[in-house]
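Me: I would like to go through some labels and the values behind them. Please keep it brisk.

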Amino acid sequence: DAGFVLGWCIFSTAVLYGSLALFTSILHNVFLLYYVETFVSVYKIDKISFWVGETVFLIWNSLNDPLFGWLSDRSFLSSPQAGSQITNPEVVLRRLKALSRNGPLFAMSFLAFWVAWARPGLQFLLCLCLYDGFLTMVDLHHSALLADLAVSANDRTRLNFHCSVFSALGSFSVFLSYSFWDKEDFYFFRLFCVALAAFSILGFFVVSRLLQQRFHKELRPKQDEALKELSVGPAPFTHPDRPVTIGQYIKQLSKHRNFMWFVSMNLVQVFHCHFNNNFFPLFLEHLLSDNISASTGSILLGISYIAPHLNNLYFLTLCQRYGVYQVIRWLFMLKLGLSVVMVLAGADHIYLLCIFIASNRVFTEGTCKLLKLVISDLVDEDFVVNRRQQAASALLFGMVALLTKPGQTFAPLIGTWLLCVYTGYDIFEREPVKDSLVSVPDIASGSGTPPLRLGCFYMLVFVPITCALLQLAAWSRFTLHGRKLQGIKNLRQGAQHGHLIDVKAI
């Protein structure tokens, strides 16, 4: 207990909150990079089982977020009874207890991928659903804490800053994984994954316990004001006359125009992020492997995972100056511009191709890191417009995931389909398929470019161009920024006046 007291005294709430991102990212980055190749190349899953597994995963992946969010936050939508009102420290404690339970289980489910314990098709389906279920619980409650711990843009930016720092540290697992990855000998990669999972389990246990101790203090009367912890008060904007049903809640969201435009944009963003994750090794292999060394490929891979988090530290300073909306818009325009330049340059400029492959992932992932701030703003708008007694942050994060997580499943399905259509390359058969669209040399570059390499190049450049155009169209209709956003925040803080604790100490 002395160690916990020492940790409680040394680390601020923002640091402890951010460190939870480390214990998730060290596992999830490895999962994203290797799960498809493991089942296709190592376990030799057949095409039908792969598609069936991804389809079932699509349904479960979409439904579990709002399901868990509703189970977590439904009491916040109900009419409070006398003497039973939920205070904000109690809300935070609920989320921390959920993290302390589900974090270690998430790490254990990660290990199930790397040992063949059933038929490939069955294991693929069970592993994906089990892993995503625990990941959803961890991610929902961690994301909801961002909206529960702070209201002001600066405080949320500070919390997000610490998440980016620890997520960057977590990305070093990708650097290390490249050294252990060997499709022919899986033993050392398995040991590496066990070490990662053990570290994650220990981290979730220690940090969640430290934070629970801290917010137990918030529940005690006459708490020492020198602690000055981050908290949002429980005072309701107004009390509803009766409980809100899930049907009524969905109807309210359907009338929330900013929510609908945001999820339209974010669906494309989720697709693009996971497309990059799933096909990054393929692009390295077929576009660059003949021209760069294995060590250079390892460095490029690691940079593409770490740089988004480091870049996000700079993006967050821009957000404080120009607002999240404007920074995200600039990132979409930058993604479009870089892709057009790469199309004009062609596939034979190796160094430019290296820069583009890395930067494409860096800026796409960088955008994803900022979107939690936008969802937290939508939580504020939902709280004000629908006059909640408590902000249903986990539920709103879950509803966003319901409408956007299908992009995670569409990415490998559409990607493998495009690869087969344009190149005749079937990753399941490893043999050319007749009637592919690309079967001629790259005339523009004047070289006999193999069809597979040219098809990969087309996928690499035209997917981000299409995504950027769709996102710019949707984002232009989003209005929760500038004066309107500040007005919403003022209304929420005014509704909770007298319950806010000084957050300058975080």
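Reply: Buried means under 20% relative accessible area, exposed means over 50%, and partly exposed is in between. The model is predicted.

Me: Why is tyrosine 458 called partly exposed?

Reply: Its relative accessibility is 30%. The bounds are 20% and 50%. The value falls in between, so tyrosine 458 counts as partly exposed.

Me: What makes phenylalanine 457 buried?

Reply: Phenylalanine 457 has 5% relative accessibility. The cut-off is under 20%, so the residue counts as buried.

Me: Why is the aromatic pair of phenylalanine 457 and tyrosine 458 called tilted?

Reply: Start with the distance. The centres are 6.4 Å apart, and rings pair if their centres lie within 6.5 Å. Then the angle. The planes are at 45°. Stacked needs under 30 degrees and edge-to-face needs over 60. The angle meets neither, so the pair is tilted.

Me: Why are the rings of tryptophan 181 and phenylalanine 186 called edge-to-face?

Reply: Their centres are 5.5 Å apart, and the limit is 6.5 Å, so they pair. The planes are at 70°, which is over 60, so the pair is edge-to-face.

Me: Are tryptophan 181 and phenylalanine 186 buried or exposed?

Reply: Buried. Tryptophan 181 has a relative accessible area of 16%, and phenylalanine 186 has 6%. Both values are under 20%, so both residues count as buried.

Me: How many aromatic pairs does this rule give?

Reply: The count is 36 aromatic pairs.

Me: Now the charged pairs. What makes arginine 95 and aspartate 148 a salt bridge?

Reply: The distance is 2.5 Å, N to O. The cut-off is within 4 Å, so the side chains qualify. The two residues are 53 apart in the chain, with arginine 95 in helix α4 (residues 88-111) and aspartate 148 in helix α5.

Me: How do you know whether arginine 95 and aspartate 148 are buried or exposed?

Reply: Arginine 95 has 1% relative accessibility. Aspartate 148 also has 1%. Buried means under 20%, so both count as buried.

Me: Why does the pair of aspartate 139 and lysine 372 tie together distant parts of the sequence?

Reply: The closest N and O atoms are 3.5 Å apart, and the limit is 4 Å, so this is a salt bridge. Aspartate 139 lies in helix α5 and lysine 372 in helix α13. They are 233 residues apart in sequence, so the pair ties those parts together.

Me: What class of exposure do aspartate 139 and lysine 372 have?

Reply: Aspartate 139 has a relative accessible area of 35%, and lysine 372 has 25%. Both lie between 20% and 50%, so both are partly exposed.

Me: Why does the pair of glutamate 381 and lysine 484 count as a salt bridge?

Reply: The closest N and O atoms are 3.9 Å apart. That is within 4 Å, so the pair counts. Glutamate 381 in helix α13 and lysine 484 in helix α17 are 103 residues apart. Glutamate 381 is buried at 5%, whereas lysine 484 is partly exposed at 41%. Elsewhere, Arg156, Asp377, Asp380 and Lys489 are joined into one network by salt bridges that share partners.

Me: How many salt bridges are there by this rule?

Reply: The count is 12 salt bridges.

Me: Next, the enclosed space. Why is the largest cavity said to lie between domain 1 (11-222) and domain 2 (252-426 + 450-505)?

Reply: Both domains give residues to its lining, so the largest cavity lies between them. It holds about 1,100 Å³ of space. Of the 45 residues that line it, the closest to its centre are His28, Asp139, Cys368, Lys369 and Lys372. Helix α5 gives the most to this lining, with 9 residues. By class, the lining has 20 nonpolar, 17 polar and 8 charged residues.

Me: What lines the second largest cavity?

Reply: Asn276, Phe280, Phe283, Ile357, Asn360, Arg361 and Leu460 do. This cavity has about 40 Å³ of space. Helices α10 and α13 each supply at least two of its lining residues.

Terms used. Residues numbered from 1 in each chain as written. Predicted model: local features only at pLDDT ≥ 70, side-chain atom pairs only at ≥ 80, totals over all residues. Heavy atoms only, no water. Phe/Tyr/Trp six-rings, centres within 6.5 Å; stacked < 30°, edge-to-face > 60°. Buried < 20%, exposed > 50% of the residue type's maximum accessible area, 1.4 Å probe, protein only. 1 Å grid on protein atoms, 1.4 Å probe; cavity = no way out; pocket = protein on both sides within 12 Å on 5 of 7 lines; lining within 4 Å. Points joined across faces, edges and corners; volume = space filled by probe spheres on them. Helix = DSSP H or I, 4+ residues; strand = E, 2+ residues; numbered from the N terminus. Nonpolar A, V, L, I, M, F, W, Y, C, P; charged D, E, K, R; others polar. Domains from an automatic or database assignment.
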